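Visitor: I should like a close look at a single part of this model, followed outward to whatever surrounds it. Please take one helix as the point of departure.

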Amino acid sequence: MNGQYTAEDVQAQIKPLSKNGFLRFFQRIYRWWLGVWYGFCDKHEKLSKWIYKLFFFIVFSMGVTIWQFLIMAIVPEFLPKTEAVGWPMVPIAAAGGRNFIIFGDEQGWATFICFEIAVFTAQCINFPLQRNITYRSHGNPYFQAMWYFIGWVLVSIATNALWGVCNAFLLHWGSPDIVNGLLKTILTGGVSLVIFFFIFMVIFPDNDKMAKKARAKYEKLVAANASAEQVEAAKSRAEEWEKKALLSNTEREFAKAKTQASVKAMMYNVAVASEGKAKTEEEKSASRAKQEKYLNEVYAAIDVKKEKEEAYNAARADGDAADGEDAAEVADEPAAENNNSGNNAENKE
């Protein structure tokens, strides 16, 4: 194995650190943490998946909530305050006659539109982050975006209804605008967190679980001597989910292998540097032993990285080929059949 790789191959596993000392410090911590994290993933596969998803789900959700607050805290200051407008405009006696409004605002359309823009742009940021990083989804993005939009509409209606009551009392009590904006952001963020968590479970399903369920359904239909059409449809469905699961898993494993190869290479470099700082022959000997150990680990990590990269590229090529075949089949069908196949494609998602 030692003759297979050169010193350049070992150093190539490490991405160059920033020349900025401040950034370089945090890069080193981050790389160390990745090594610890992937070691934990190897020992606790199921638990690590849940921790990963919950962490990024909360971080991204809170991040866009901060974005909403900044817009609501800054932009309304430059907007004109007008009379209450909107629907259903129901006066609340306990709030001094202030109106309960769902679509609109006690301070005019400008404030309401500003809030909706804040929420909408936040979700435009949140959706790609959750899809590509938190859930690593390879599903139909148009189908997922459609359901995400529906979720945003539900969130908007729910939060606007709750805020319609809260806002009436806050204005009646003379609460400062900055406080109102903060409370509105917290309310919106909390409701969004709950609603979108369940929406994500639907539009970003666990590919492994869906593949197992689809395969079990196919085998059940075969055992029950179902019609050839039902069996073929179930088989196609199972194969589709299995390809998605394979792509997600190989992508995750390749990312992990790259990080581990980088960490091992850095450990080797540390051992090399320690030899230069050693004062006694005993310390130098111990350092050389560590170098040999870490070097062998780097070689093994590079082998794993290549293996995972090949598996990921094969899975991706298989998925691209399948998409190309589907597109060719649709192109060859009559116009009426194209419409049906398009509907079926949507239903599959």
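Guide: Helix α4 covers residues 109–134, and its 26 residues reach 35 Å from the first C-alpha to the last. That is close to the 38 Å expected at 1.5 Å a residue, the expected span being 1.5 Å times one less than the number of residues. Helices here are DSSP runs of H or I with at least four residues, strands are runs of E with at least two, and both are numbered from the N terminus. The model is a predicted one, in which local features need pLDDT of at least 70, side-chain atom pairs count only at pLDDT 80 or more, and totals for chains, interfaces and linings use all residues. Residues are numbered from 1 along each chain as its sequence is written, and side-chain values use heavy atoms, with hydrogens and water left out.

Just after α4 comes arginine 136, in the loop between α4 and α5. Its phi is near 45°, a positive value in a residue other than glycine.

Helix α4 also gives five residues, the largest share, to the largest nonpolar core. Such a core is a set of buried Ala, Val, Leu, Ile, Met, Phe, Trp, Tyr and Cys residues joined through side-chain atoms within 4.5 Å; buried means under 20% relative accessible area, exposed over 50%, and partly exposed in between, with a 1.4 Å probe and protein chains only. This core has 17 residues, of which Met72, Tyr135, Tyr148, Phe196, Phe200, Ile203 and Phe204 touch the most other members. Two or more residues come from each of α3, α4, α5 (141–173) and α6 (177–203). Leaving aside residues up to four places away in sequence, tyrosine 148 touches Gln123, Asn126, Phe127, Phe196, Phe200 and Ile203, contact meaning heavy atoms within 4.5 Å. A second, separate core has 13 residues, including Ile14, Tyr268, Leu295 and Tyr299. In soluble globular proteins, nonpolar side chains tend to be buried together.

Strand β1 (residues 85–92) is the place of proline 88. A cis peptide bond, with omega of about 10°, joins this proline to tryptophan 87. Methionine 89 is also placed in β1 and, although not a glycine, has a positive phi of about 55°. Methionine 89 is partly exposed, at a relative accessible area of 29%.
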